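Got your viewer open? Here is a short tour, one selection at a time.

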Amino acid sequence: MILGALLALPFLAYLGWLVWALVAYPIPLGYNLRSLWQRKLSSLSTAAAIALVVGIFVVVLSLAQGLSVAFVSSGRQDQALVLRPNARFELNSTVERDRMRILKVHPLLKRDSGGESMASAECVVVKLFPQWDGTDTSVTVRGLEPMGRTLRPQVQLVQGRWFRPGLSEVVVPRKMQRRFQGMELGRVLRMAGREWEIVGTFEGGGSSFESEVWSDVEDVMQAFRRDVYSVMLARLETPGRVEGFSQAIQADKRLQLEVVREADYFKELTKAGDPIKILGNLITLILTGAAIFAAMNTMYAAVAGRTKEIGTLRALGFRQREILASFQWEGIFLCLTGGLLGSGLALFANGIQTGTTSFDTFSDVSFAFTITPGLMAQGVAFSLIMGLLGGFLPAWRASRIPLTEAMKGG
Amino acid sequence: MNSDRFDLGGGEPIITLRDVAKSYWREALEIPVLQGIDLEIPAGAYVALMGPSGSGKTTLLNLIAGIDRPTGGSLEVCGHELNGLDDDQLASWRNLHVGFIFQNYNLVPVLNAFENVELPLLLTGAGRGERRDRVEQALALVNLTDRMRNYPRQLSGGQEQRVAVARAIVTDPDLLVADEPTGALDAKNAEEVLALMERLNAELGKTIVMVTHDPKAAHHARHQIHLEKGVLDRTVEVNR
């Protein structure tokens, strides 16, 4: 952290000086912009290379962002998951029926208008489903009680009806229909030796529930031969009550269960995006090196081609630091052009659905590329850094050519 | 005062060189270009520096214009001891006191005539309105008012050199230095540029130091200084 700050300090100081130079120094910006335009071919090809890198950078960030949106919008601060200690994830957790009975009548749980405690006993399993691309991937199948739907208001039925207990019915997310075969309304899924009719389609507001097939909890347990639940999801009166509930559950020796705030649980799951991020960052890093080299090469060529011009400016009275700032800004503008272009191009990826397998839950997580203005700004800032790094050495060279040499044209 | 000093007579000197020397180093080998130059040029003079290639005339011009530094001796130009100025001070000094006219005009191709002439004024702190007035005056003086929005590629060689002359005088410097100003021009345009320089000297009182190979160009000057192998050979007063 401190090392990072120490490294960033000269960089920021230099950037600050450049901004000041932009205002205070007399070489007009138009000179640099027109010079870039004069070398259209090399400027545009370099800007295109930068655009590609920035586009990839923004898309990689948008993957992480999409995944984060999926998980963050899934969890609430005033709800808690009760799991087996150290299970960490629903799939690993078991809660026996007698313990579930105790849990569901816990006095700290919120009650709905009918006086029923707002808690849902749930069973989570995974099942392979075929995708349209011909590969199979694991999908979470969640058995839940009717209250489970109330606890997830972001999930809305958009077609058909909700499943009924005892009839082996399922509802599927609309997004999954685009990625998986045989998910249309009225079709039949084969799971655990049974046939399950798809009776409804739902949307989940971008949450991770849009990666799950839902059915009745008892039907799922019966079909998958499970005699224990996986978890209980419950709502408390206020977010502040979650800790008290957790302490109460831990103190109850009969239960030996663990309470996790639902929002925190899903935050932990966002780590599913880490492999994508690492791979994306690695690719971005390699491409960034190439893009900086391209910018540097273009700017070195610009300096070499304008040596006499630099000599003339110096002879007229422009100082070395003014030449440095001028050529540095030229490099920055070159890269910023690419940055703006790349960020704009990344917009085409916005909303495209994709999925990844979570190594925590061993199941598919559907999410959308989410290009936000913030991410686009990061892309532009990234191109600014490329401009600074790629433009510095050529600008330094421009400012340091001995005057007599420069006037002869190098 | 050195008895061999070349003194062009006239008024107060604007350029004084005392035992100026300039050498270049190629690895361990010292290559002397100028040696023992003692010279006084009065304000308002028009001097042509002549000599064969390699005689050191461009080097001498660069020293006088503050483009290069001597390896020996001292220079006082426009009231400033140039040896005592650092690079930034020298850059400011050039901007204030020296106007440059180059053989190949050295206009910035992406700037139009107006913007090229305006360049040295950007360093003076003059406001936009003042800059516009002065650029228009300078371009009027070289008879290019109607070409001020043209880019160098849209101008003839003679017009480009006249823009360069306008750029050289726009800050109203005391001294104009010109390195082969007619070297890239045909006879007609060369004559026009030389006539213009003569006017700047005669009417505006600018001191001009011009390097040239061309005896016709040199004939426009009032004095010719001949260099030979890095030393001053002789001065000739031109009778016009």
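**Stop one: chain B**

Start by selecting chain B, which has seven helices and eleven strands. Keep in mind as you click around that this is a predicted model. How does the radius of gyration of chain B sit against the globule rule? The radius is 18 Å, close to the 18 Å that the rule gives for 240 residues, so chain B is as compact as a globular protein of that length.

Switch to the C-alpha trace of chain B and line it up on its principal axes: the span is about 50 × 40 × 40 Å. Color by burial next, and 49% of the 240 residues in chain B come up as buried. If you like contact maps, take the contacts in chain B between residues at least 6 apart in sequence: 71% of them join residues at least 24 apart.

**Stop two: where A touches B**

Now show both chains and pick out the contact, which takes 18 residues from chain A and 18 residues from chain B. On the chain A side, the elements that give two or more residues are α2 (29-38), α11 (307-316) and α14 (403-407). Which of the elements gives the most to that side? Select α11(A): it contributes six residues. Color the chain A side by residue class and you get seven nonpolar, six polar and five charged.

**Stop three: α2(A) over α12(A)**

Stay in chain A and add helix α12, residues 320-346, to your view of α2(A). The two axes come within 9 Å and cross at roughly 50°, and α2(A) and α12(A) are therefore oblique to each other. The crossing is right-handed.

Show side chains for the residues that make this contact:

- from α2(A): Leu29(A), Asn32(A), Leu33(A), Ser35(A) and Leu36(A)
- from α12(A): Ser326(A), Trp329(A), Glu330(A), Phe333(A) and Leu334(A)

By class, the residues of this contact split into six nonpolar, three polar and one charged.

**Stop four: α1(A) against α12(A)**

Leave α12(A) on screen and bring in helix α1 of chain A, residues 2-24. Here the axes come within 10 Å and cross at roughly 105°, which makes α1(A) roughly perpendicular to α12(A).

Which residues meet here? From α1(A), select Leu18(A), Ala21(A) and Leu22(A); facing them in α12(A) are Ala325(A), Gln328(A) and Trp329(A). This contact divides into five nonpolar residues, one polar and no charged. Before you close the session, click on Trp329(A) again: this residue of α12(A) takes part in the contact with α2(A) and also in the one with α1(A).

Conventions:
Residues numbered from 1 in each chain as written. Chains lettered and ligands numbered in written order. Predicted model: local features only at pLDDT ≥ 70, side-chain atom pairs only at ≥ 80, totals over all residues. Contact = placed C-beta atoms within 7 Å. Helix = DSSP H or I, 4+ residues; strand = E, 2+ residues; numbered from the N terminus. Nonpolar A, V, L, I, M, F, W, Y, C, P; charged D, E, K, R; others polar. Axes fitted to C-alpha atoms, helices over the stretch in contact; angles between N-to-C directions. Parallel < 35°, antiparallel > 145°, perpendicular 65-115°, else oblique. Left-handed = near helix turned anticlockwise from the far one by under 90°. Rg over C-alpha atoms; globule rule 2.2 N^0.38 Å. Buried ≥ 20, exposed ≤ 12 C-beta atoms within 10 Å, placed from the backbone.
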